[in-house]
Structures are given as C-alpha cells and as structure tokens.
Amino acid sequence: MVIAEQHKEILDFLYEVSDPEIPVLSIMDMGIVRSVEVEGNQVKVTITPTYSGCPAMDVIGDDIIRALKKRGYETKIKLVLAPAWTTDWITDEGRRKLEEYGIAAPLEVSADKKALMGEKKMVTCTNCGSKNTIMVSQFGSTACKALFKCQDCLEPFDYFKCL
Amino acid sequence: MILGHRLSELCGHGPSLETDIALTNISLDLFGQVRSYFQYAAELKGEELTEDKIAFLRYPNQYRNTLLVEQPNKDFAYVIVRQFLFDAFHKPFLEELSESLDPQIAAIAKKSVKEVAYHLRFSSQWMIRLGDGTKESHAKMQEAVDYLYRFCGEFFEETEIDKEMKENKIGADLDQVKEAFFKTVKEVMKEATLEIPETAWHQGGGKKGIHTEQLGYILADLQYMQRTYPDMKW
C-alpha cells in the first residue's frame, strides 16, 4: 500500500484492528484495507468486504474509527467492491496466524477445487499435521470457511476457502 | 432478497446442522449481494430513497422477483431443487453482468459470482446425492423438479427493461444465460438420474409484478417491523 512516510504510524494502528470472527488476524493481514488517505487529522480508509454478506464489515468499520479516534484522527470509511477481495491477499504472516489459530489456510485455487470436491486429500490437519482429512461440509461456521475432519486424530477443523 | 428470506426461514430448522449452516450462509451471501444492488439503486435515484425502503416498503406488485424464489420450503427436496435451478441461472447471469458497462454493476457481479460458484456446487452435489440416492429420495426429488421446473422459463422472458439494459450493454443477454442454464441443468440432472419435464408451458408473471400468493406471506413477515415502526433502525 502506498502511504507517505509520516503517516506510516496509521498503518500500525490499523494492525491493531482485527476481524471479530477471527480475532488473531488483523485487518491488514486479511488484506481488506485497500487504501488510506490522510489530510491533517482527517483519514479516509477504504476497505473491501471478504464476502458480500459478511456481517463483520460494519463492526470492522466501527473498530477502525475507534482505533484512530484514540490517536486523534477523524475517520471516514469507504466500502468498495472492485477489485473483488481474494484469499490471495491474505499475507504470509496472516496465513501463519490462521494455522496457529486452528484454521487451515487456503490452498491454491486449482488445488482448492480438488480438495472441496473431495477428489484429493490436500488440506492439512491443523491439530496433528496429517493430510488424511475429509470435508464434512462446504460451509463451515462462517461463509468463508469449510468444515473438515481429520481421519487420523479425529479432530474437526475449519478450512479457509479460496475466493 | 426473496430467496435469501426463504432460506433464512430454515435457520435452526435445517435437516442437519451442516445443511442448516450451509443454507443460511447462502442466505447471508444473497442478502449481502442484494444490499449492494439496493444501495446502488438508492444512490442513483437520490431523493429520499434508501436501501431499507426498497427492501421493506414496496407493495407486492412492485416486487420483480421471479416466481421460483418465492415458492415455500415444502421439504428438503423442494429447497434443494429450487436452489439448484436458481443457482444454475444465477451464475451465468452474473457472468454476463460482470461485463456490464456500468462499473458498479460489474463490480457487484464480479464479487457475487465467486460466492455463487459455491452455491451452485453445493446445490448440484445435493441434487446428485438425493436424485441418485434411495428410491424415496429419488421420488421426492423428481416430484420437486416436476413442480418447480415450470417457473424456470420466466428467467429468460425479456421485459422492456431487460431489453433496454441489454441494448445499452448494462444488463445481461438472456439468450446466453439460457444456453448456460440448460447445459448445467442437463449435466446435473443426468448424473442425478432425474428427468427434465418435457412440458413447454411455463408460468411467468413475477417480473411484471404478478406473483403467486406465496409472496404475500413472505412480505407480511418481512415488512412487519417497518410497517409497525416506520423508519425504525436496527
């Protein structure tokens, strides 16, 4: 993201805002912050939803406003749809945090399709690391996740679907 | 929006936890998508129009949804067949809209089509599992197909507005959508060992605001809060 040197600290503040449904992941790691414009103490943050109906978006907007208000900034949130968010925008750091939290990070698109169609076992269990996993349901606890089960350690876990 | 509402009625009532969650997730996607359209429509129209007014304060004859999506959740077979027929139309329809010269419509469509690909995959798999399942599941699925199929012709009926939008390259070319729809339906129905009804007769009207009685019940439920407490906010 392009931002002037003197405003870099705003990005640090945004790192403190997380997705309420995946609290370990900051919105910066999720790749949903598209741009930040600063003029004096006025900030415009442009964000993009992960899924159209993501109920977390309103909360994220409010959290951004609150986080920056603490530092004396007045913030306006702008929501854009294009270009559409993709799981490729999740940073490497974000992927690592997801896995640590117990959510398997998205595979490459072609591999994802095979995994969700049950053609090939590719998703790694976040509990024991086995690849001997099966999909229980294409839709998990939220729209962005599918529910998997490990056939070795028998633990159920979420898999972040490619989008 | 109407299909989103129908699916939301299943919240806590799905046949299993996984299908319950899947159907309500699809509902959520549809509500998110329709909010984008309504927000844009309200912005274009200006005046005092808001997304809530479009959603909650129209009369039944002002809703332009196709008749298929207002049909009730009679049983799981009806839910799945209705979803599949709609998804098979919705995906190519959005692919067409992705090429719209209106940048906001194209943006909404490009966002939505990724989600709808998952919906179609879900409903197709259930079509196959139940159609090619037991004798009883097959019979129930075939009954739902026989009943609901009559509402599909309406997808491709071109209204004056559809025509104008197509000519200005804002809307979809429904002939293209139709081709893709039948390709998907034939492939999935074949694998599901289900028969496509041969009847050429189709029931339309929804796009002109003439609905089945089902819409009235939906609106009574959907509009209750806004009618009772006008302009209330969540």
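The legends below describe several close-up views of a predicted model with chains A and B.

**View 1. Overall arrangement of chain A in the predicted model.**
Chain A contains five helices and nine strands, and these elements follow one another along the sequence in the pattern α-β-β-α-β-β-α-β-α-β-α-β-β-β. Taken along the principal axes, the C-alpha atoms of chain A fill a box of roughly 55 × 30 × 25 Å. Of the 163 residues of this chain, 39% count as buried. When contacts in chain A are restricted to residues at least 6 apart in sequence, 50% of them join residues at least 24 apart.

**View 2. The cis peptide bond between A:Ala82 and A:Pro83.**
The peptide bond that joins A:Ala82 to A:Pro83 is cis, with an omega of about -10°. A:Pro83 itself belongs to the loop of chain A that runs between strand E5 (74-79) and helix H4 (92-101).

**View 3. The contact between chain A and chain B.**
Here 14 residues of chain A are in contact with 20 residues of chain B. On the side of chain A that touches chain B, the residues divide into 10 nonpolar and four polar, with no charged residue among them.

**View 4. The largest nonpolar core and the surroundings of B:Leu68.**
The largest nonpolar core has 102 residues, and those touching the most other members are B:Leu68, B:Ile80, B:Val81, B:Leu85, B:Phe89 and B:Leu148. Helix H5 of chain B (residues 76-97) gives the most to this core, contributing 13 residues. Once neighbours within four places in sequence are left aside, B:Leu68 is in contact with B:Arg82, B:Leu85, B:Phe86, B:Leu148, B:Phe151 and B:Cys152. Two of these partners, B:Leu85 and B:Leu148, are also named among the core residues that touch the most other members.

**View 5. Helix H7 of chain B, with its buried and exposed faces.**
Helix H7 of chain B covers residues 135-148, and its 14 residues should span 20 Å at 1.5 Å a residue, which agrees with the 20 Å between its end C-alpha atoms. The buried residues of this helix are B:Lys140, B:Met141, B:Ala144, B:Val145 and B:Leu148. Seen down the axis of H7(B), these buried residues fall within an arc of 135°, so they line one face of the helix. An α-helix has 3.6 residues a turn, so residues three or four places apart point the same way. The buried residues of H7(B) pack against three helices of chain B, namely H4 (67-70), H5 and H6 (103-131). On the face turned away from the buried side, H7(B) carries the exposed residues B:Lys135, B:Glu136 and B:Ala139.

**View 6. Helix H10 of chain B and the kink at B:Leu222.**
Helix H10 of chain B has 15 residues and reaches 21 Å from its first C-alpha to its last, close to the 21 Å expected at 1.5 Å a residue. A kink of about 45° is nevertheless present in H10(B), and this kink is centred on B:Leu222. The buried residues of H10(B) are B:Leu215, B:Ile218 and B:Leu219, and they pack against helices H1 (2-8) and H4 of chain B.

**View 7. The loop between helices H9 and H10 of chain B, with B:Thr193 and B:Ile210.**
B:Thr193 lies in the loop between H9 and H10 of chain B, and its phi is near 55°, a positive value in a residue other than glycine. With 13 C-beta neighbours inside 10 Å, B:Thr193 counts as partly exposed. B:Ile210 is found in the loop between helix H9 (174-191) and helix H10 (214-228), and it is exposed, because 12 other C-beta atoms lie within 10 Å. The C-alpha atoms of B:Ile210 and B:Asn61 are separated by 6.0 Å, although these residues stand 149 residues apart along the chain.

**View 8. B:Thr184 in helix H9 and B:Asp231 after helix H10.**
B:Thr184 is found in helix H9 of chain B, where it is partly exposed, with 18 other C-beta atoms within 10 Å. Its C-alpha atom and that of B:Pro92, 92 residues apart along the chain, are separated by 9.9 Å. B:Asp231 lies in the segment after H10 of chain B and has a positive phi of about 65° although it is not a glycine. B:Asp231 counts as exposed, with 9 C-beta neighbours inside 10 Å.

Methods. Residues are numbered from 1 along each chain as its sequence is written. Chains are lettered from A and ligands numbered from 1 in the order in which they are written. This is a predicted model: local features need pLDDT of at least 70, side-chain atom pairs count only at pLDDT 80 or more; totals for chains, interfaces and linings use all residues. A nonpolar core is a set of buried Ala, Val, Leu, Ile, Met, Phe, Trp, Tyr and Cys residues joined through C-beta atoms within 7 Å. A residue is buried if 20 or more other C-beta atoms lie within 10 Å of its own, exposed if 12 or fewer, and partly exposed in between; C-beta atoms are placed from the backbone. Helices (H or I, at least four residues) and strands (E, at least two) are DSSP runs, numbered from the N terminus. Two residues are in contact if their C-beta atoms, placed from the backbone, lie within 7 Å. The expected span of a helix is 1.5 Å times one less than its number of residues. The arc is that of the directions from the helix axis to the C-beta atoms. Ala, Val, Leu, Ile, Met, Phe, Trp, Tyr, Cys and Pro count as nonpolar, Asp, Glu, Lys and Arg as charged, and the others, Gly among them, as polar. The bend at a residue is the angle between axes fitted to the seven residues ending there and the seven starting there.
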